Amino acid sequence: MLKYIIAIFIIITIVLGSLYAYFSRSVFIDLRPNAPITAEFRTEGESIMQQNEDGTFSPIQLRGVEMTPSIPGYMAWDFGAYVYDYLRWFEHIEAMGANTVYVPSTMDSNFYYAFYRHNRSYAEEPLLLLQGIAGNDYDSLTTNLKEAIDIIHGRRINFFSRTGVEMFLLDVSEWVVGFVAGTEWDPDAIVFMNHFDRTAPASFEGEFFSSAEGASPFEVMLTRVMDTATSYESRRFKTQRPIGFISSPITDFLEYAPAYSRQLRKYAQLDAENILPTESMPAGTFAAYRLFEFADDFSRYISHEQYTELAPIFARLDWNCIYNGYLDLLVQYHTMPVIATGFGFSTARSPYRDDRYPLTEREQGEALANMVTQLEERNWGGSIISTWQDNWERRTWNTAFSSNPWRYQYWHNVQAVDQSYGLMAFDPGRYENPVVIDGNVDDWDESYFVHEYDGIRIYAQYTYQGLYLLIRGEGVNPHNTLYLPIDVTPHTGTSMYNDLNFERPSDFLLILSGTHNSRLLVNQRYHATHQRFSEEMTGINPYTHSIPPMWNSEFVPILLGIQNTTILDAEIFESAAMLTDEVQELVRMRSWDTGILTHGIGNPASPNFNSLADFYFGDNLVEIRLPWMMLNFYDPSYMQVHDDYYVRFGVEGIRIQNIYIGIATEGEEAPMSPIPLNGWRRYDIQTHERLKQSYFIMQELWN
């Protein structure tokens, strides 16, 4: 009996071990070594081809969006979206006229199940999938590629995923148009492998890909990755599909002159032409680029040797296209299809460069339509808009220092550029916005009343985007000026402004003065950008020179640090003149006065909707939205604000229960009243999806 039990145990162990090895570790035995290898998608010249039912191939143009599992309250790696979320998004994407979804890394089982179900049951024309793979070296890329191949073929079980056992048992490979290896490469990693990694092979010749003569060690590594992945899919599933790797303006094949490469951080090169498919790779390869604003005059900065080499192409470039000929250059240089795997324009309230301005949702759509049109006119193989939805958890360099890095996903920072690239927004409220800026008081009642002075009443409420105020009473109109002190933290503040006096030391002063001159000012000691970027902007370290007084600092504009796009000529950059004050001023960080308020209607249902609207005057009233970051909230879900920078030596959060607000008039001390704050948890977050105006502009273009 004991031997029987042991035998059964051994058999079960072998079976379970075999299933684990097959479904979770990519271990298999090729039982059909001589079976033909098919390729339903392939590349021919500059075109991507799809196989027809009769076996012939027709060219296709990829029109798509980048999608992540990001939803409010969850980081992307939490995979908070469910099947019905993906199904709803796929329906909208198809209705927009897109034919492709690009995911930069493997998704959860909910995504692939929804993708299969949409294409099998609901789609008039099945959506295609461009599968991206995350990783930063050979081992991680090949491991993740094998996992992705198993997933799309429905042969994967992850026993130790974040959600427990996760099964991928539905075959979606018939709609997978290709693989994109890598996300955005770090130029430093490329340079390190090319110049310092002595273990990197100098060349590679595989069954499906080989490196060209002169390929860099990093390109050789990518060649090995693409060959290994294709070999795995070809042997295990007897099929293959196009595969490429991602590049961008800071890692493309262009070589800049030394002075410019240092200023632009453009010192690494990747060239898809250095990875050659063999005759065993009929599926072929493509060049993939993430596109973003970089250097419009890029042709001025290219090294003399490369400019000479590319002279025939430069001679026939269309210099009037976006990025001053860059799109035209890429497609003319490459001998393979070129795909834009990501480009977009943010609808955030502030810019991040000194040559750009905030865009409304309509302007976002017009910019996207212009980009897509130019890509298609120049015979790009595909255009992927980044992204489908706004991503609350994303960080932007000029605002990241200001808030809790572990809780971005709990609120929408409308000041952060990277959070608002989507075609779809997550607006507060389960079904509709609880409050909108439109001069209508239907979304206000007496429960929001907080303060009254001299016949003017103040109401307040808040959402995940910011604090909303209603100021109501005789004389509240664009022709009169109102001053509203706001006290946020108990540790700093100013009790006066010109001839105005406040009951409490206040950190902010809201000045309502017509439709074009209204703004929010900040106490200089409580100016977040000043303490973080003052040295980059002015050359003066605020912690060692002229620390602002704690209780009587003056009110100053709220500035946001933005990128300086000035590129110095090589002669100036290389000369001793670089040390002069005049030249230093040219290259210092720029600033944007983010405290200036925009007058307009913020109601998406209005034909005059302005997505950047901060306030709107009605009949003896004005409605205002003040974003959380403008009020120096470190984490509004915890109701944490910035503590005193010069005591804490940087940004630290301090929890508060109230902020105080009042109305100031000359010659008297203005009383102030509290606005109670409670915060929220993940499960308290209620949002509804709203297709932005940009979605409908793209729908009109693509349909």
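A residue counts as buried when its relative accessible area is under 20%. By that rule aspartate 614, at 0%, is buried, and this residue opens a friendly tour of a predicted model. The stops are salt bridges, aromatic pairs, two helices with their surroundings, and a pair of serines.

**Salt bridges**

- Side chains of opposite charge can pair when their charged atoms come close.
- In this model the count comes to 36 salt bridges.
- One of them joins aspartate 614 and arginine 349, whose side chains meet with N and O 2.9 Å apart.
- This pair links distant parts of the chain, as the two residues are 265 residues apart.
- Aspartate 614 sits in the loop between strand S27 (590-593) and strand S28 (615-618), while arginine 349 sits in the loop between strand S14 (338-343) and helix H12.
- Is arginine 349 buried or exposed? Its relative accessibility is 6%, so arginine 349 counts as buried, and its partner aspartate 614 is buried too, at 0%.
- Arginine 353 and aspartate 355 form another salt bridge, with their closest N and O atoms 2.8 Å apart.
- Here arginine 353 is buried, at 3% relative accessibility, whereas aspartate 355 is partly exposed, at 29%.
- Both residues also belong to a network of salt bridges that links Glu293, Asp296, Arg353, Asp355 and Arg356.
- Glutamate 585 pairs with arginine 588 in a salt bridge whose closest N and O atoms are 3.2 Å apart.
- Glutamate 585 is partly exposed, with a relative accessible area of 42%, but arginine 588 is buried, at 19%.

**Aromatic pairs**

- How many aromatic pairs does the structure hold? The total is 42.
- In the pair of tyrosine 483 and tyrosine 497, the ring centres are 6.3 Å apart and the planes stand at 45 degrees, so the pair is tilted.
- Tyrosine 483 belongs to strand S20 (residues 481-487) and tyrosine 497 to strand S21 (residues 494-497), with their positions 14 residues apart in the chain.
- Tyrosine 483 is partly exposed, at 24% relative accessibility.
- Ring pairs also build a cluster from Tyr86, Trp89, Phe90, Phe111, Tyr112, Phe115, Tyr116, Phe168 and Trp175.

**Helix H17 and its neighbours**

- Helix H17 spans residues 693-702, and its buried residues are Gln693, Ser694, Tyr695, Ile697, Met698 and Trp702.
- Several elements cover these buried residues, including strand S4 (62-66), helix H2 (83-96), helix H12 (361-377), strand S15 (382-385) and strand S36 (687-691).
- Two packed helices are described by the angle between their axes and the distance between the axes.
- For H2 and H17 the angle is about 50 degrees and the axes are 8 Å apart, so the two helices are oblique to each other.
- H2 brings His92, Ala95 and Met96 to the contact, and H17 brings Tyr695, Met698, Gln699 and Trp702.
- Sorted by class, the residues of this contact are five nonpolar and two polar, with no charged ones.

**Helix H13 and serine 534**

- Helix H13 covers residues 528-538 and includes serine 534.
- Which residues of H13 are buried? They are Ala528, Thr529, His530, Gln531, Phe533, Ser534 and Met537.
- These buried residues pack against strand S26 (559-562), S27, strand S31 (640-642) and helix H16 (645-648).
- Serine 534 has a relative accessible area of 5% and is therefore buried.
- Leaving out residues up to four places away in sequence, serine 534 touches Thr529, Gly539, Ile540 and Pro542.
- Glycine 539, just after H13, takes a positive phi of about 85 degrees.
- From serine 534 to lysine 3 the C-alpha atoms are 78 Å apart in space, and the two residues are 531 residues apart in sequence.

**Serine 299**

- Serine 299 lies in helix H8, which runs over residues 298-301.
- With a relative accessible area of 16%, serine 299 is buried.
- Serine 299 touches Tyr307, Phe314 and Trp319, when residues up to four places away in sequence are not counted.

Conventions. Residues numbered from 1 in each chain as written. Predicted model: local features only at pLDDT ≥ 70, side-chain atom pairs only at ≥ 80, totals over all residues. Heavy atoms only, no water. Buried < 20%, exposed > 50% of the residue type's maximum accessible area, 1.4 Å probe, protein only. Helix = DSSP H or I, 4+ residues; strand = E, 2+ residues; numbered from the N terminus. Contact = heavy atoms within 4.5 Å. Axes fitted to C-alpha atoms, helices over the stretch in contact; angles between N-to-C directions. Parallel < 35°, antiparallel > 145°, perpendicular 65-115°, else oblique. Nonpolar A, V, L, I, M, F, W, Y, C, P; charged D, E, K, R; others polar. Salt bridge = Lys/Arg side-chain N within 4 Å of Asp/Glu carboxyl O. Phe/Tyr/Trp six-rings, centres within 6.5 Å; stacked < 30°, edge-to-face > 60°.
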